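Q: Before we look at this model, could you take me through how some of the descriptive terms are reached from the values behind them?

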Amino acid sequence: MSLRLWFPLAIILSWFLMALLGPLMALDPNQIELSKILLNHDSSALLGYDDLGRPLWDRLVMGAQTSFMVAIGVVTISLIVGTLIGAVSGYLGGWFDHLVTRIIDIFLAFPGILLAIAMAGILGPGVENVVIALAVVSWVGFARLSRAQVLSVKHREHVQAAIALGVSPVLIVLRHLLPLIMAPLIIEATFGVASVVIAEAGLSFLGLGVQAPDASWGSMIRDGTRYLLVAPHMILVPGIALMLVVLAANLLGDQLRDRLDVRLKNNR
Amino acid sequence: MVNFIASRLLSALVVVLGVSCIVFLFIHMIPGDPVEVMLGESARPADREALREALGLNLPVLQQLQHYYIGLFQLDLGHSLHSSRPVLDLLIERIPATVELALASLIVAVVIAFPLGTIAAVRQHTLWDQGAMGFALIGVSIPNFVMGPLLILLFSVTLAWLPVSGREGFASLLLPAITLGSALAAVLSRMVRASLLEVLSEDYVRTARAKGLSEWRVVWGHGVRNALLPVITLLGLQLGVLLGGAVITETIFSWPGIGQLTIEAIQRRDYPVLQACVLLISLVYVVVNTLTDLAYGWLDPRIRLGEG
């Protein structure tokens, strides 16, 4: 296995483990120690403390849980909803397809992050609202992709055979079309993880995500901007973690695209 | 061509009206009462009713939507719930700062991306290529709310060359523009590379080489110029990312633009202002995309005839 594959895999795996095993570790993310405010590092906390004297490592793990939950939640919801809407729309055609295409056009016609910011602002703070706001924005990409893919495979012979045999449209989409179009959707989902992680942190940075005392990497960075002069580690720690996870997801997406994309292979 | 323009403009109008409708409905469906925010929880019910009536909030939602659209066509966006000033005035006050920031970021992005993408394409599969694309990948992966503070740390705190925030002169524009432009530069350099690679494999490039033109003339005269068109189109599409990013970048640097106004409006639950900000940004985005479409249709007849 090459470095390009195991480096992102190792990072994603650590992120996953941090999020999953976080609750089992003996952590005190909300333990305030006034004597250690903004301290760079000491023997018990290598990453240092924040402006309230809370250990950054413990908060980093808590932030990993937040970003992981939101990423998995948003990507799963939008993958399922978007794929189904797009696939059914592409398969059925007609007025339903027209309507769906119109809606997709409207959603794609203005910046998604702006809608997410406005929605999260209107819905009010909280992780659930972040998931809702981001899912409302992200299903569109999957819908457009799966619709285009279904259009390109729906005239294949095995689909025609299934239609001739009287198989119901639902089964045709689920059994004969979806398996064929999964590869590009998985690649899209991998890139989706990267953009959702950034978007969640962005919303939390703006104060629209998790609420204190819960931690998100975005809210940790926001806290850090106020102490940039005296405690840059408050930004560096969550900033580097965030960057590594996003970089890893992007690298993994690139790798998957090279490996899974059938069209690329045939061309070679 | 007339049909093409008309259909493009019509669909742009549908999008803008659709977006404003979505935003309006979202704002009016959610719990949380702006009247309560304005008057506080201890206000007398009679006062609340009076204010509700004054703001038109007691009407059915559909009627409010109708009033909103009528106002929109008269350029009446209502009044801010926070400062009671006309929303249009607030927008006009903030627009120059955002335009300035967006243009500066665009320049930063183009200045970084074109040389980088060109080198990567011309020296494909070499260290140059890998270096440039590695740089682009890292650029895509650093969110602007990490990039911004890091730049402040380096240039304002450590080196003390540039101001930390605010909008006072050219020096204060540099850091926000680099923050916002670098992400775009990363995306753009990948596009330049891909587009140039495609062009460089064309027959006329081979002919140019066979004629004995210098490599510089081949790449610049025949390559980059032809690779530009698809890149410019994609640049139009990236504007949305730029405008979305402006909201965060303006917050980091206290840049008094539309993005900062949006966040202020959210914090103050100032719905007329929020609604207008979202509408304005969508409008700009849709207009730029429509213009890009039209320009492309003008340059490439296959598209306007629907064969593309």
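A: In this predicted model, helix H3 of chain A meets helix H5 of chain A through Ile104(A), Phe107(A) and Leu108(A) on the H3(A) side and Val140(A), Ala143(A) and Arg144(A) on the H5(A) side.

Q: What makes the contact of H3(A) with H5(A) nonpolar, polar or charged by class?
A: The residues of this contact divide into 5 nonpolar, no polar and 1 charged, and Arg counts as charged, whereas Ile, Phe, Leu, Val and Ala count as nonpolar.

Q: Why are H3(A) and H5(A) called oblique to each other?
A: The two helices pack at an angle of about 135 degrees, with their axes 10 Å apart. Angles over 145 degrees count as roughly antiparallel and 65 to 115 as roughly perpendicular, the rest that are not under 35 being oblique, and H3(A) and H5(A) are therefore oblique to each other. Their crossing is left-handed.

Q: How do you know which element of chain A gives the largest share of the side that touches chain B?
A: In all, 32 residues of chain A are in contact with 37 residues of chain B, and the elements that give two or more residues to the chain A side are H3, H4, H7, H8 and H9 of chain A. The largest share, 8 residues, comes from H4(A). By class, this side of chain A has 24 nonpolar, 7 polar and 1 charged residues.

Q: What makes up chain B, helices or strands?
A: Chain B has 13 helices and 0 strands, and buried residues, those with 20 or more other C-beta atoms within 10 Å of their own, make up 38% of its 308 residues.

Methods. Residues are numbered from 1 along each chain as its sequence is written. Chains are lettered from A and ligands numbered from 1 in the order in which they are written. This is a predicted model: local features need pLDDT of at least 70, side-chain atom pairs count only at pLDDT 80 or more; totals for chains, interfaces and linings use all residues. Two residues are in contact if their C-beta atoms, placed from the backbone, lie within 7 Å. Helices (H or I, at least four residues) and strands (E, at least two) are DSSP runs, numbered from the N terminus. Axes are lines fitted to C-alpha atoms, for helices over the stretch in contact, and angles run from 0 to 180 degrees between N-to-C directions. A crossing is left-handed if the near helix is turned anticlockwise from the far one by less than a right angle, and right-handed if clockwise. A residue is buried if 20 or more other C-beta atoms lie within 10 Å of its own, exposed if 12 or fewer, and partly exposed in between; C-beta atoms are placed from the backbone.
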